[in-house]
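Welcome! Take a moment to look over the structure below, and then we can walk through it together.

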Amino acid sequence: MPFYVAAPLSTVDPTLASGAAIPIESRAAGELRLPGVALDPPGGGVRNPAFDVTPAALITAFFTERGTIEAPYDFSAPPR
């Protein structure tokens, strides 16, 4: 099944060897909790990553404001 990423070109970093080098920002648990509503079990924790990283091998193409970038990814060429 094709998988497409729509993102600003500024979020693509072709200098990284893999997505494992991307630090994932952890956000506050309070962003997921509603006042007076317990969604997590007592004593449980909340993990709230700001985003995740899709392995490049699973991405069919990137749609950016400058055009489309398709595999094999050549970031030295302008998007078409």
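## A word on exposure

A residue is called buried when its relative accessible area is under 20%, exposed when it is over 50%, and partly exposed in between. Phe51 has a relative accessible area of 38%, so it counts as partly exposed. Thr54, with 26% relative accessibility, is partly exposed as well.

## How confident is the model?

What you see is a predicted model. The mean pLDDT of the chain is 82, and 90% of the residues score at least 70. Among the elements of the chain, strand 1 has the highest mean pLDDT, at 93, and strand 3 the lowest, at 88. Where pLDDT is low, the predicted coordinates should not be read in detail.

## The loop between strands 1 and 2

Find strand 1 (4-6) and strand 2 (61-64): Phe51 sits in the loop between them. Phe51 also helps to make a nonpolar surface patch of about 340 Å², together with Leu16, Ile22, Ile24 and Val53.

Thr54 lies in the loop between strand 1 and strand 2 too. Leaving aside residues up to four places away in sequence, Thr54 touches Phe3 and Ile59. Thr54 and Gly19 are 35 residues apart in sequence, while their C-alpha atoms are 7.6 Å apart in space.

## A hairpin to follow

How do strand 2 and strand 3 pair, parallel or antiparallel? Strand 2 and strand 3 (residues 67-70) are antiparallel, with 4 bridges. A hairpin of 2 residues links strand 2 to strand 3. To trace the pairing, start at Thr64, which stands opposite Gly67 in strand 3.

Note on methods:
Residues are numbered from 1 along each chain as its sequence is written. This is a predicted model: local features need pLDDT of at least 70, side-chain atom pairs count only at pLDDT 80 or more; totals for chains, interfaces and linings use all residues. Side-chain values use heavy atoms; hydrogens and water are left out. Patches are made of residues with over 30% relative accessible area and no salt bridge: like charges are joined within 9 Å, nonpolar side chains (Val, Leu, Ile, Met, Phe, Trp, Tyr) within 5 Å. Accessible areas come from the Shrake-Rupley method with a 1.4 Å probe; for residues, only the protein chains shown count as cover. A salt bridge is a side-chain nitrogen of Lys or Arg within 4 Å of a carboxyl oxygen of Asp or Glu. Buried means under 20% relative accessible area, exposed over 50%, partly exposed in between (1.4 Å probe, protein chains only). Two strands pair if DSSP finds at least two bridges between them. pLDDT is the predictor's confidence in each residue, from 0 to 100. Contact means heavy atoms within 4.5 Å.
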